[in-house]
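Welcome! Have the sequence and the 3D view at hand, and try each exercise yourself before you read its solution.

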Number of protein chains: 2
Amino acid sequence: MGRMERRPAGANLAGLRDHNAALVLSLLRARAEGGSRVQLAAQTGLTPQAVSKIVGRLLADGLVVEAGRGESTGGKPRTLLALRPEAGCAVGIELDRQRSTILLLDLAGTTLRRRSVDIGLASGEPERVVGALAKGVSQAVRAAPDGAKVLGVGVGCRGPLDYETGTLHRPAGLPAWDGFPLRGLLESLLDASLDVPNVLLDKDTNVAALAAPAAVSGSTAYLHLADGLGAGLLLNGAVYRGARTNAGEFGHQVLQPDGPRCTCGARGCLEALCMAALADDDPRTAARWLGIGAANLVRLLDIDRILLGGHQIFASPDVYLRAVADQIAEHLPEPEWQSVQVSLTPAGASAVAVGAAQLVIDSALGGI
Amino acid sequence: MGRMERRPAGANLAGLRDHNAALVLSLLRARAEGGSRVQLAAQTGLTPQAVSKIVGRLLADGLVVEAGRGESTGGKPRTLLALRPEAGCAVGIELDRQRSTILLLDLAGTTLRRRSVDIGLASGEPERVVGALAKGVSQAVRAAPDGAKVLGVGVGCRGPLDYETGTLHRPAGLPAWDGFPLRGLLESLLDASLDVPNVLLDKDTNVAALAAPAAVSGSTAYLHLADGLGAGLLLNGAVYRGARTNAGEFGHQVLQPDGPRCTCGARGCLEALCMAALADDDPRTAARWLGIGAANLVRLLDIDRILLGGHQIFASPDVYLRAVADQIAEHLPEPEWQSVQVSLTPAGASAVAVGAAQLVIDSALGGI
DNA sequence: TGCACTTTGCCAACAGTGTTGCTTAACTCG
DNA sequence: CGAGTTAAGCAACACTGTTGGCAAAGTGCA
């Protein structure tokens, strides 16, 4: 259960087995009604016998159970298989400046426990904050069902940060956190008390994009409008981070080179334009700008689905949904773009914490 | 040598072997001076013995040769391995409106033969045009070295098109080509006369991005400024196409919502702004706009390297190189962005044809 | 009711991958 | 010139998915 490798790696038999097991699991996760071995064979391209063996291992591990029979199609009816949600769970943390949310998610994506605490990046020394988080994780883990394996802890946080090293980079106004080994310390604290070897740190927008029914293929953009404006990109079904985990800086695209000055130093950034409109209590104008940026994004990356989140969105959701859909329809009138879906993130205000746990589950189960 | 699959597929032993062989080949292609088995083992994570076996198969296939010895590091000196460039070759076609370029490339990326012909999308019935292209391919293939395997034919063309089906979509002013089975017909024509099973059709900007020393990891954007403005994206070392091969519509990002009307219907598209400046014979202003768009792109996708191409660029290359670098430096002053490289495409005016052949080579060799 | 047919899933033997343990080859260094 | 070090190969091995054959459990028609 090592950390995700970026450089190309050779594959061996163990990797082959894990890959196929993860593939079968992801297919079973995608369809709630359950699937049979033959169906899985058709979808994976593997032989039915290979699927039987793989499923046999998953049954032995308790990750999957046989769940009744399907209808006959002229012969022996199919034995249905279903993911056992209580076989594993993961902890998700939304780490904010002043507050944090810690929750426990099972394999099916059901929230088993959820707590908010007055601990945040700005509430003290990094060592103490991480210690408090570790304590919160320990409490959350106690809510895990009997026999459930705790797969790890995911932390979603505002960037800039480095996914590879698990550290923040020059967070505004918080110099003590710059380069502080957030993931490393949390991992060692938990490893001492629990059996939680896997800790992942990622941008809030990246993990929030995962807090929606999994699209194995296709491309999704999660747009987050709160204190700032950022995006999380799921390209071909996987989080796209770039080499330095800096991808998704959606808010700082210049849309008006002679526009208002942004906190980043440039002029006429999308974020500056949206924030100026919100300061004037004009969400409609902010929504229009957001829509223009979204249309640019859809066109540049051939995006299939847009998810909206963040407290500014939730304050007047219909305004934003309408404006984004309108701008896409206006700027991309061709028929092939009509299928772009625009919706609110189904996890609502918990999107970051839910997605952080989901990131761990995806990673532990192989996450194709 | 099937077509690239988008949906997740199960892996078996044959796939495992091909994956590792392709990995070793790509590492050998990346370094011209050649590498040893031990180095390859360290880079791939495989055991030295596994690499020995893999290299043994590649030697037997003639794809790799032993090329002298390296310096000793205290013990037995390393046996250097090198790709055998003449083991295989691929045909690349740049298919334009009035003219086309057909060239033959070997595994090392050396152009063995290059011809331009007065055949293009606008020069007749699709059937006749494809027939003429097939004839040109046959002639090019005759220049292949003895024993060289012809891996396939790549075609680079202006979008919109569909990589999966190998057809154009509503090309402006060329209704006969809409949905015409370009790839399918070329494949069957060649299959009858030659042994060229693999034909690929992709956007000109996508393949042009491949016409540069391979960056196995990292992200590259190729910006093409000619009659229009588009981009080819290499994300994590692989071409990113999106679900409908529409990704890379870089030129139609709106940068001035009240700006000049673009051919696409919107106002203030980057392409419209650049073209207006060029119509005024003002490349400096066009270059400044291109730079702003490039900075947006770098920030959004965490791009490592920018390549510039297209005849407008080559008309005054220094102006564009300077302007793009300046805008990136201005909009992204933080130290982590200072390493972004900006350069002209090394393949110059042949970038599309070279890249089209490279796409085939990448695909046939596994292309990680 | 009985029998042919279809479909599902498993048992056993198999081919072929990377891994492990050990040996041989080739060079540096004292 | 011998000890130490690094590179590469040989043989046995564990384990993967594949292949061929077969039992189980349904449907459908005479």
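## Exercise 1: Where the two chains meet

Chain A and chain B each bring 59 residues to the contact. Keep in mind that you are working with a predicted model.

**Task.** Describe the interface of chain A and chain B: what area is buried, and how many salt bridges are found?

**Solution.**

Step 1. Start with the area. About 4800 Å² is buried between chain A and chain B, and carbon and sulfur atoms give 55% of this area. The lost accessible area is often used to state the size of an interface.

Step 2. Go on to the charged pairs. There are 6 salt bridges across the interface of chain A and chain B. You can look up one of them in the 3D view: the side chains of Arg170(A) and Glu336(B) meet with an N to O distance of 2.6 Å.

Step 3. Add the polar contacts. Between chain A and chain B, 28 residue pairs are in polar contact, counting pairs with both residues at pLDDT 80 or more.

Step 4. Ask which elements of chain A take part. On the side of chain A that touches chain B, two or more residues come from each of α1, α2 (37–44), β11 (229–235) and α8 (283–301). The largest share comes from α8(A), with 8 residues.

Step 5. Finish with the residue classes. The side of chain A that touches chain B has 29 nonpolar, 18 polar and 12 charged residues.

## Exercise 2: How the chains are related

**Task.** Which turn and shift lay chain A on chain B?

**Solution.**

Step 1. Superpose the chains. A turn of 180° with a shift of 0.1 Å along the axis lays chain A on chain B, with an RMSD of 0.2 Å.

Step 2. Name the relation. Such a turn and shift are the relation of a two-fold axis.

Step 3. Find the axis in the view. Leu255(A) is the residue of chain A that comes closest to the rotation axis, with its C-alpha at 2.3 Å.

Step 4. Compare the two surfaces. Both copies use the same surface, since 100% of the contact residues of chain A recur in chain B.

## Exercise 3: Around DNA strand D

**Task.** Which residues come nearest to DNA strand D, and which parts of the strand do the protein atoms approach?

**Solution.**

Step 1. List the neighbours. There are 29 residues around DNA strand D, and Thr47(A), Gln49(B), Ser52(B), Arg78(B) and Thr79(B) come nearest.

Step 2. Sort the DNA atoms. Of the atoms of DNA strand D within 4 Å of the protein, 66% belong to sugar or phosphate, and bases supply the rest.

Step 3. Look at single contacts. The side chain of Gln49(B) has an N or O atom 2.9 Å from a base nitrogen. A polar backbone atom of Lys76(B) is 3.1 Å from a base oxygen. For the phosphate, a polar side-chain atom of Ser52(B) lies 2.5 Å from one of its oxygens.

Step 4. Name the leading element and the classes. α3(A) gives the most to this surface, with 5 residues. By class, the surface near DNA strand D has 8 nonpolar, 13 polar and 8 charged residues.

## Exercise 4: Around DNA strand C

**Task.** Now turn to DNA strand C: how many residues surround it, and which element gives the most?

**Solution.**

Step 1. Count the neighbours. DNA strand C is surrounded by 28 residues, the closest being Leu13(A), Ser52(A), Arg78(A), Thr79(A) and Thr47(B).

Step 2. Follow the phosphate contacts. Phosphate oxygens of DNA strand C lie 3.4 Å from a polar side-chain atom of Asn12(A), 3.1 Å from an N or O atom in the side chain of Asn20(B) and 3.5 Å from one in the side chain of Arg57(B).

Step 3. Pick out the leading element. α3(B) gives the most to the surface near DNA strand C, with 5 residues.

## Exercise 5: Unusual backbone spots

**Task.** Where in chain A is there a cis peptide bond, and which residue that is not a glycine has a positive phi?

**Solution.**

Step 1. Recall the background. Most peptide bonds are trans, and most residues other than glycine have a negative phi.

Step 2. Find the bond. Gly159(A) and Pro160(A) are joined by a cis peptide bond, with omega about 0°. Pro160(A) lies in the loop between β6 (149–157) and β7 (161–162) of chain A.

Step 3. Check chain B. A cis peptide bond joins Gly159(B) and Pro160(B), with omega about -5°.

Step 4. Find the positive phi. Asp281(A) has a phi of about 60°, and this residue lies in the loop between α7 (270–279) and α8 of chain A.

Conventions
Residues are numbered from 1 along each chain as its sequence is written. Chains are lettered from A and ligands numbered from 1 in the order in which they are written. This is a predicted model: local features need pLDDT of at least 70, side-chain atom pairs count only at pLDDT 80 or more; totals for chains, interfaces and linings use all residues. Side-chain values use heavy atoms; hydrogens and water are left out. A residue is near a molecule or strand if one of its heavy atoms lies within 4 Å of it. A polar contact is a pair of N or O atoms within 3.5 Å; within protein, one must be able to donate a hydrogen and the other to accept it, and residues adjacent in sequence count only if both atoms are side-chain atoms. Helices (H or I, at least four residues) and strands (E, at least two) are DSSP runs, numbered from the N terminus. Ala, Val, Leu, Ile, Met, Phe, Trp, Tyr, Cys and Pro count as nonpolar, Asp, Glu, Lys and Arg as charged, and the others, Gly among them, as polar. Contact means heavy atoms within 4.5 Å. Buried area is the accessible area (1.4 Å probe) that two parts lose on being put together, summed over both. A salt bridge is a side-chain nitrogen of Lys or Arg within 4 Å of a carboxyl oxygen of Asp or Glu. Copies are superposed by least squares on the C-alpha atoms of residues with pLDDT of at least 70 in both.
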